[in-house]
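Biologist: Could you take me through this protein slowly, one question at a time, and explain each term when it comes up?

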Amino acid sequence: MTDTFGFLLSDTARLLRRRFDERARQHGATRAQWKALLGISRHEGINQGGLADLLEVEPITLCRLIDRMEDAGLVERRRDPRDRRAWQLFLTEKAHPVIEELHATASDLMKQTLRGIPIAKVDEMTAMLNQIRENLIDPVDAMEAANG
């Protein structure tokens, strides 16, 4: 069982997450914080509900994470001018060096992860993983499966 594609893909992703967590902790961050910061940086002004959907976490879980990041001075909440019940999320100046540091950490980890693999093979593997992802999110197949 340990040599099946699905198991190897899952186990590799688990190990990659673990190694990233170890490195991020050395910088006083968590993977969850990094994902939230990255999500906000890519979608500046996103509301908390939208970010929770993007990160695939429960809104209450994200709210607690944003509370901690706001207390640390990394994130700022602002009232959404279109919906007074919602908060938009913005990075503070203090967050930008943290994001750069975490990008460097991720880059170093990728160098270690891909050590000894020729770039052509990495490109091929990346293309295959993109195809697998597309196969899994193809709405036609999802509809056919739902309709049985």
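Biologist: How far apart are N and O where the side chains of Asp80 and Arg82 meet in a salt bridge?

Modeller: A salt bridge here is a side-chain nitrogen of Lys or Arg within 4 Å of a carboxyl oxygen of Asp or Glu. Asp80 and Arg82 form such a pair through their side chains, and the distance from N to O is 3.9 Å.

Biologist: What kind of model is this, and how are its residues numbered?

Modeller: This is a predicted model, in which local features need pLDDT of at least 70 and side-chain atom pairs count only at pLDDT 80 or more, while totals for chains, interfaces and linings use all residues. Residues are numbered from 1 along each chain as its sequence is written, and side-chain values use heavy atoms, with hydrogens and water left out.

Biologist: Is Asp80 buried or exposed?

Modeller: The words rest on relative accessible area, found with a 1.4 Å probe and protein chains only: buried means under 20%, exposed means over 50%, and partly exposed lies in between. Arg82, the partner of Asp80 in the salt bridge, has 70% relative accessibility and counts as exposed. Asp80, by contrast, has a relative accessible area of 7%, and is therefore buried.

Biologist: How many helices and strands does the protein have?

Modeller: Both are DSSP runs numbered from the N terminus, a helix being H or I over at least four residues and a strand being E over at least two. From the N terminus on, the elements run α-α-α-α-β-β-α-α-α. The count is 7 helices and 2 strands.

Biologist: What is the radius of gyration of the protein, and what does the globule rule give?

Modeller: The radius is taken over C-alpha atoms, and the globule rule is 2.2 Å times the number of residues to the power 0.38. For 148 residues the rule gives 15 Å, and the protein is well over that value, so it is more spread out than a compact globule. The C-alpha atoms fill a box of roughly 50 × 45 × 25 Å along the principal axes. The radius of gyration is 18 Å, against 15 Å from the rule.

Biologist: Which residue forms a salt bridge with Asp21?

Modeller: The closest N and O atoms of this pair are 3.0 Å apart. Asp21 lies in helix α1 and its partner in helix α2 (residues 31-42), so the pair ties together parts that are 10 residues apart in sequence. Asp21 counts as buried at 18% relative accessibility, whereas the partner counts as partly exposed at 25%. That partner is Arg31.

Biologist: Which residue meets Glu22 in a salt bridge?

Modeller: The two side chains come to 2.9 Å, N to O. Being 3 residues apart in helix α1 (residues 5-26), the two residues are separated by about one helical turn. Glu22 is partly exposed, with a relative accessible area of 34%, and its partner also counts as partly exposed at 34%. The partner is Arg19.

Biologist: Which residues are linked with Asp67 in a network of salt bridges?

Modeller: A search of the whole structure finds 8 salt bridges. Asp67 is part of a network, and the residues linked with it are Glu70 and Arg77.

Biologist: What separation lies between the C-alpha atoms of Gln26 and Thr105?

Modeller: Gln26 lies in helix α1 and counts as exposed at 66% relative accessibility. Gln26 and Thr105 are 79 residues apart along the chain, and their C-alpha atoms are separated by 9.9 Å.
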